[in-house]
Amino acid sequence: MKGRTNTILFPLAVLGLLALITLWIDRTVQPPEPRVDGSTRHDPDYILNNFVTTKTDATGTISHILKASEMRHYPDDDTTELENPHFTQFGVDRPTTTIEGKRGHVSSNGEVVEFRDSVRVVRPAFGDRQEMTLTTEYLRVEPDNEIASTDQPVVITQGPKSIVRAVGMVYDKKNQTIQLNKRVRSHYERPAAASKPRPANRATKPAAKAATKNTGKQTKSGNSKNAKLPAKTK
C-alpha cells in the first residue's frame with residue numbers, strides 16, 4: 001500500500017515542480033510592467049522664458065552665449081528644447097559668429113546644439129575677408145569643438161556678389177575652413193580694387209573760355225527730325 005502511494009505522489013511532485021519552473025520562466029521573459037508614476041513620459045519638468053546661459057573657459061573668458069525665448073527641460077532623457085534660439089560664439093583672434101533658428105535642441109551633456117527651421121549663420125568681416133552668411137534648414141553645432149555641420153542644402157553668401165550653393169557642409173571655425181559635400185554650384189566676383197586718390201595740383205589753371213556763343217536755342221536729344229542714322233556695315 002505504501003509503495004502505491006509513493007508511486008502516485010512522485011509524478012504529482014514532478015508536475016508541480018515543472019509548473020513552478022514554467023511560471024518563473026514566464027515572469028523572466030515578460031517585459032516589466034509600465035510605471036504609472038509619470039517618470040517615463042516625455043513631459044517637461046520646468047519651463048523658462050527669456051532663457052540665457054553663458055559658458056566661460058578656464059581663464060574666465062566668455063566662450064559662447066546661448067539665448068532662447070523659451071526653454072523646456074525633459075527629465076526622461078535630460079534634453080532641452082528651445083524656441084527661437086540665438087547662439088553667439090566668441091574666439092581669440094577670430095571673429096564672433098552668431099547662429100539663430102526657429103527651434104533648437106540641446107543634448108543631455110550639452111555637447112551638441114541643433115538648430116532647425118530658417119537657420120542663419122553670420123560671420124562678420126575681418127581682416128581682408130568680407131562678411132559671410134550661411135542659410136539652411138538644419139545645423140548641428142559642437143560648441144567646444146567649434147564645428148558646425150549639416151546634411152541639408154546650404155546657401156553661402158560672401159560679400160555682395162559671391163554665392164555658393166551645396167548639399168551638406170562642415171564648417172570648422174578654428175581652422176576657418178568650409179567643406180562642401182555635393183552638388184556644389186558657385187558664383188564668384190572679385191571685389192573691385194579701391195581707386196587711389198589723385199594728387200592735388202599745386203597750381204590751378206584758369207578755366208578756359210567757351211569758344212562758342214550761347215544762341216539761346218535748345219536741342220532735345222533724340223527728337224531731331226534731320227538726325228541721320230549711322231551707315232550699316234557689311
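**Local contacts, salt bridges and a surface patch**

The backbone oxygen of Lys173 sits 2.8 Å from a polar atom of the Gln176 side chain. The model described here is a predicted one, and this pair makes a convenient place to begin. Gln176 belongs to the loop that runs between β10 (162-172) and β11 (177-187). Beyond its neighbours within four places in sequence, Gln176 is in contact with Arg94, Pro95, Arg123, Phe126, Arg129 and Tyr171.

Several of these names come back around Thr97, a residue of strand β5 (residues 97-100). With residues up to four places away in sequence set aside, Thr97 touches Phe87, Thr88, Gln89, Val121, Val122, Arg123, Tyr171 and Lys173. Arg123 and Tyr171 thus appear among the contacts of Thr97 and also among those of Gln176, while Lys173, which Thr97 touches, is the residue whose backbone oxygen lies 2.8 Å from the Gln176 side chain. Is Thr97 buried or exposed? Its relative accessibility is 5%, and because buried means under 20%, Thr97 counts as buried. A further spatial relation involves His64: the C-alpha atoms of Thr97 and His64 are 9.5 Å apart, although 33 residues separate the two in sequence.

Attention now turns to the salt bridges, of which the search of the whole structure finds six. In one of them, the side chains of Arg103 and Asp117 meet with an N to O distance of 2.9 Å. Arg103 lies in strand β6 (residues 103-106) and Asp117 in strand β7, so this pair ties together parts that are 14 residues apart in sequence. Both partners are partly exposed, Arg103 at 38% relative accessibility and Asp117 at 28%.

Two other bridges can be described in a similar way. Arg116 pairs with Glu114, and their closest N and O atoms are 3.8 Å apart; the cut-off for a salt bridge is 4 Å. Here the partners fall into separate accessibility classes, since Glu114 is buried with a relative accessible area of 16%, whereas Arg116 is partly exposed with 31%. Glu142 and Arg140 also meet through their side chains, at 2.9 Å from N to O, and Arg140 counts as partly exposed at 31% relative accessibility. In addition, a network of salt bridges links Glu70, Arg72 and Glu83.

Backbone geometry brings Asp117 back into view. Most residues other than glycine have a negative phi. Which value does phi take at Asp117? It is near 70°, a positive value in a residue that is not glycine. Asp117 is found within strand β7 (residues 113-123), so the residue with this positive phi is also the one that meets Arg103 in a salt bridge. Asp78 offers a second case, with a positive phi of about 60° although it is not a glycine. The setting of Asp78 is a loop, the one between β2 (62-74) and β3 (79-83). With a relative accessible area of 38%, Asp78 is partly exposed.

Finally, the surface carries a nonpolar patch formed by Leu17, Leu18, Ile21, Trp24 and Ile25. Together these residues have about 520 Å² of accessible area. One of them, Leu17, lies in helix α1 (residues 2-29).

Notes
Residues numbered from 1 in each chain as written. Predicted model: local features only at pLDDT ≥ 70, side-chain atom pairs only at ≥ 80, totals over all residues. Heavy atoms only, no water. Patch = residues over 30% accessible without salt bridge, like charges linked within 9 Å, V, L, I, M, F, W, Y side chains within 5 Å. Areas by Shrake-Rupley, 256 points an atom, 1.4 Å probe, with all protein chains shown as cover. Helix = DSSP H or I, 4+ residues; strand = E, 2+ residues; numbered from the N terminus. Polar contact = N/O pair within 3.5 Å; in protein donor to acceptor, adjacent residues only side chain to side chain. Contact = heavy atoms within 4.5 Å. Buried < 20%, exposed > 50% of the residue type's maximum accessible area, 1.4 Å probe, protein only.
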